[in-house]
Amino acid sequence: MNKHQLDHAKEQIKERMDEVDKSLPVGTSVMQKNRKKTKKVRSDIKVLQVNNLQVSFRTYGGEVEAVRGVSFNLHQGETLAIVGESGCGKSVTSNAIMGLIPQPAGIIKNGSVLFKGKELTSMSKSQLRKIQGVDISMIFQDPMTALNPTLTIGEQLTEGLRTHKRVSKQEAKQKAIEMLELVGIPNPTERLKQFPHQFSGGMRQRIVIAIALICEPELLIADEPTTALDVTIQAQILELFEEIQQKTNISIILITHDLGVVAKIADRIAVMYAGKIVEIGDKRAIFYTPEHPYTKGLLNSVPRLDLVGEELQPIEGTPPDLFSPPKGCPFTARCPYAMEVCEHVYPFTKAISESHAVDCWLQDERAKALQELS
Amino acid sequence: MGKYIVKRFIMMIATILIIASLTFVLMHLIPGSPFDGERTTNPTIQANLEKFYKLDQPLHIQYLSYLKSIVTFDFGPSIKKPNESVNELLARGFPISFELGMATILVALLSGIILGTIASLRHNGLVDYFAMTFAVVGISVPNFVLATLLIQQLAVKWDLLPAATWSSPLHMILPIIALATGPTAIIARLTRSSMLEVLTQDYIKMARAKGLSPARIIVRHALRNALMPVVTILGTMLAGILTGTFVIERIFAIPGMGKYFVESINNRDYPVIMGTTVFYSAFLVFMLFIVDIAYGLLDPRIKLHRKEGDA
């Protein structure tokens with residue numbers, strides 16, 4: 001390949017990039033239109049539509065762009081896992097959906113979150129409160145700190161129900177007992193009067209789940225629900241999620257960095273990096289035919305039983321500083337396949353199949369041609 | 001719980017006994033006697049007086065009769081004011097001191113907690129800065145300085161409130177302000193810092209995720225946890241306020257117990273010293289006991305009784 005050819009190719013790519021920039025708002029992705037029903041997802045009802053969500057935090061050091069244009073849909077009864085390293089914006093995304101971005105530092109700069117057609121980002125706080133805990137619930141990472149140490153389990157279970165629905169104390173108590181039974185806590189009637197410190201970690205996470213489900217929400221956001229638990233308890237909790245989903249057809253967003261958890265219960269997977277979803281697709285597609293170098297890197301860095309004696313391959317380097325996020329693909333600095341274009345322009349979203357989309361320049365025909373040439 | 005109370009009660013008695021004994025020793029270590037004055041007393045009269053008050057007997061006998069007077073809570077007549085018994089003095093002075101002290105604590109608790117909570121909710125806002133400036137000033141300015149200032153400005157210059165004595169609710173305002181400012185400032189600072197910590201806890205986020213009202217989250221979930229340090233200092237603060245009342249009672253000419261307490265020491269009025277000291281210490285120890293009980297009520301993780309076989 002001579003210099004002239006190379007220059008020509010570069011120029012072409014640049015032209016194409018400009019076109020893409022004009023025609024496509026950041027984060028709007030082709031994948032929204034193309035989706036395939038998986039075995040479990042029978043419903044076509046979209047519970048949640050997140051479009052070009054951008055969240056920033058104002059700090060003394062400047063503005064941190066934590067979420068930089070995230071779009072995805074969630075269907076009824078579906079489990080979407082959002083995976084990524086610490087600080088990639090997965091928790092901020094879930095907090096933004098829930099309306100729990102810390103004020104006044106955090107601001108939703110752009111984008112929309114539609115829950116069953118209702119726009120959440122423009123809602124007033126009191127309007128939001130009618131949805132929080134009723135239609136959308138959240139489960140937190142650490143069950144040791146998520147429960148108030150000075151209130152009984154019974155009170156923490158029933159207070160949401162009593163706030164949102166007109167039920168008597170007795171009815172609320174009855175419902176609380178049912179919930180504790182559902183999540184597998186023995187002697188629920190006596191347990192209601194106890195305080196969090198009288199339960200083990202796994203039990204507390206079950207209680208947190210019971211609290212989240214007591215108002216029968218349609219969407220459950222679980223922010224690393226098993227990270228703080230030991231492995232056997234993890235498995236139990238994941239099974240509980242599956243059981244509950246079968247019973248209630250609830251939609252779940254699962255935030256995690258544990259690919260093992262994802263493999264067990266997710267239907268679809270969104271891979272986040274530096275505030276963007278870089279690849280999204282069915283579980284099988286992501287695990288067996290990952291396209292983004294970052295996804296590949298993530299999968300390679302998971303220990304595997306069938307590869308005895310081989311060394312783990314960590315992804316070298318660290319994620320970019322989100323105070324001044326890179327113009328181009330944020331993964332460029334760590335990417336073994338990085339090209340010059342990656343540094344300057346963020347790639348557009350390419351739909352690989354109906355249910356699999358990726359943001360990477362390697363998917364561009366010219367890039368493929370370039371690789372072959374060199 | 002019952003076991004704990006019995007145990008605490010025995011400890012309370014022991015504490016009071018130690019305080020009483022120390023007071024007795026200190027009382028007799030101070031040179032001078034109740035009958036030392038500017039006028040010299042006739043030796044025969046003095047001997048008779050000493051005999052009447054049993055001051056001529058050896059110290060260990062005096063100590064024993066002193067202990068007896070504590071147990072029966074009868075300290076006999078005052079030496080300086082022979083027509084009044086110590087019990088009468090206490091019965092007259094204590095309700096006033098108690099009223100002042102309790103009103104002060106109540107004002108300090110209410111305004112301190114409210115101020116601290118608002119400051120924590122408006123963290124680094126204007127209200128926060130104002131409240132914390134007030135707190136620093138409140139802690140730094142001694143209550144007698146504040147009292148004099150209040151009297152000068154509000155009572156003398158502007159003639160808004162009565163300057164002294166204790167006869168109507170209006171008379172109570174200035175001494176309560178003077179006495180409560182310091183504790184208010186301390187409570188406000190404590191509440192603010194512990195609220196700031198509690199507000200970042202996961203269970204507060206969880207309460208918000210439940211869609212509860214902000215008022216419920218603050219009162220039921222945050223404050224209850226944030227008040228633990230406040231309860232902790234409340235015990236010692238009570239002592240501070242009760243002893244602080246001596247000065248304030250003097251400045252505002254309030255006929256509380258403080259006057260007798262200070263005067264009795266100057267006069268070596270042994271029965272009154274004993275009476276007031278024992279009474280105050282008993283009261284204080286009882287208050288600390290109440291605080292401990294409150295602790296257990298606020299935080300279920302604190303167990304007041306030990307497990308069987310543990311003790």
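Me: What comes right after helix 2 of chain B, and what is the sign of its phi?
Reply: Lys54(B) follows helix 2 of chain B, and the phi of Lys54(B) is positive, near 60°; helices here are DSSP runs of H or I with at least four residues, strands are E runs of at least two, and both are numbered from the N terminus. This is a predicted model, in which local features need pLDDT of at least 70 and side-chain atom pairs count only at pLDDT 80 or more, while totals for chains, interfaces and linings use all residues. Residues are numbered from 1 along each chain as its sequence is written, with chains lettered from A and ligands numbered from 1 in the order in which they are written.

Me: How many of the 10 residues of that helix 2 are buried?
Reply: The count is 0 for helix 2 of chain B, residues 43–52, which is hardly covered (buried takes 20 or more other C-beta atoms, placed from the backbone, within 10 Å of the residue's own, exposed 12 or fewer, partly exposed anything in between).

Me: And what share of chain B as a whole is buried?
Reply: Of the 311 residues in chain B, 33% count as buried. Chain B has 12 helices and 0 strands, and its C-alpha atoms fill a box of roughly 85 × 65 × 30 Å along the principal axes.

Me: Why does Ile186(B) count as buried?
Reply: Ile186(B) counts as buried because it has 20 C-beta neighbours inside 10 Å. Ile186(B) belongs to helix 7 of chain B and, leaving aside neighbours within four places in sequence, is in contact with Ile139(B) and Ile233(B), where contact means C-beta atoms, placed from the backbone, within 7 Å. Between Ile186(B) and Val230(B) the C-alpha distance is 8.9 Å, although they are 44 residues apart in sequence.

Me: At what angle do helix 7 and helix 9 of chain B cross?
Reply: The axes of helix 7 (residues 169–199) and helix 9 (residues 214–226) of chain B cross at roughly 125° and come within 8 Å; axes are lines fitted to C-alpha atoms, for helices over the stretch in contact, with angles from 0 to 180 degrees between N-to-C directions. That makes helix 7 of chain B oblique to helix 9 of chain B, given that under 35 degrees is roughly parallel, over 145 roughly antiparallel, 65 to 115 roughly perpendicular and the rest oblique.

Me: Which residues make the contact?
Reply: Helix 7 of chain B supplies Thr191(B), Ser194(B), Met195(B), Val198(B) and Leu199(B), while helix 9 of chain B supplies Ala222(B), Asn225(B) and Ala226(B).

Me: Switching to chain A, what is the strand order in the open sheet of 8 strands?
Reply: The order in chain A is 6-7-8-3-9-10-12-11, with mixed pairing, and a pair needs at least two DSSP bridges. Strand 6 (136–139) and strand 11 (349–353) of chain A stand at the edges with a single partner strand each, so one side of each has no neighbour in the sheet. Neighbouring strands of the sheet are turned by 20° against each other on average, ignoring direction.

Me: How does strand 11 of chain A run against strand 12 of chain A?
Reply: Strand 11 and strand 12 (residues 356–359) of chain A run antiparallel and are joined by 4 bridges, and Ser353(A) stands opposite His356(A) of strand 12 of chain A.

Me: How many residues does each chain put into the contact between chain A and chain B?
Reply: Chain A puts in 23 residues and chain B 17 residues. On the side of chain A that touches chain B, the elements giving two or more residues are strand 6, helix 4 (143–146) and helix 5 (153–164) of chain A, and helix 5 of chain A gives the most, with 4 residues.

Technical notes:
Contact = placed C-beta atoms within 7 Å.
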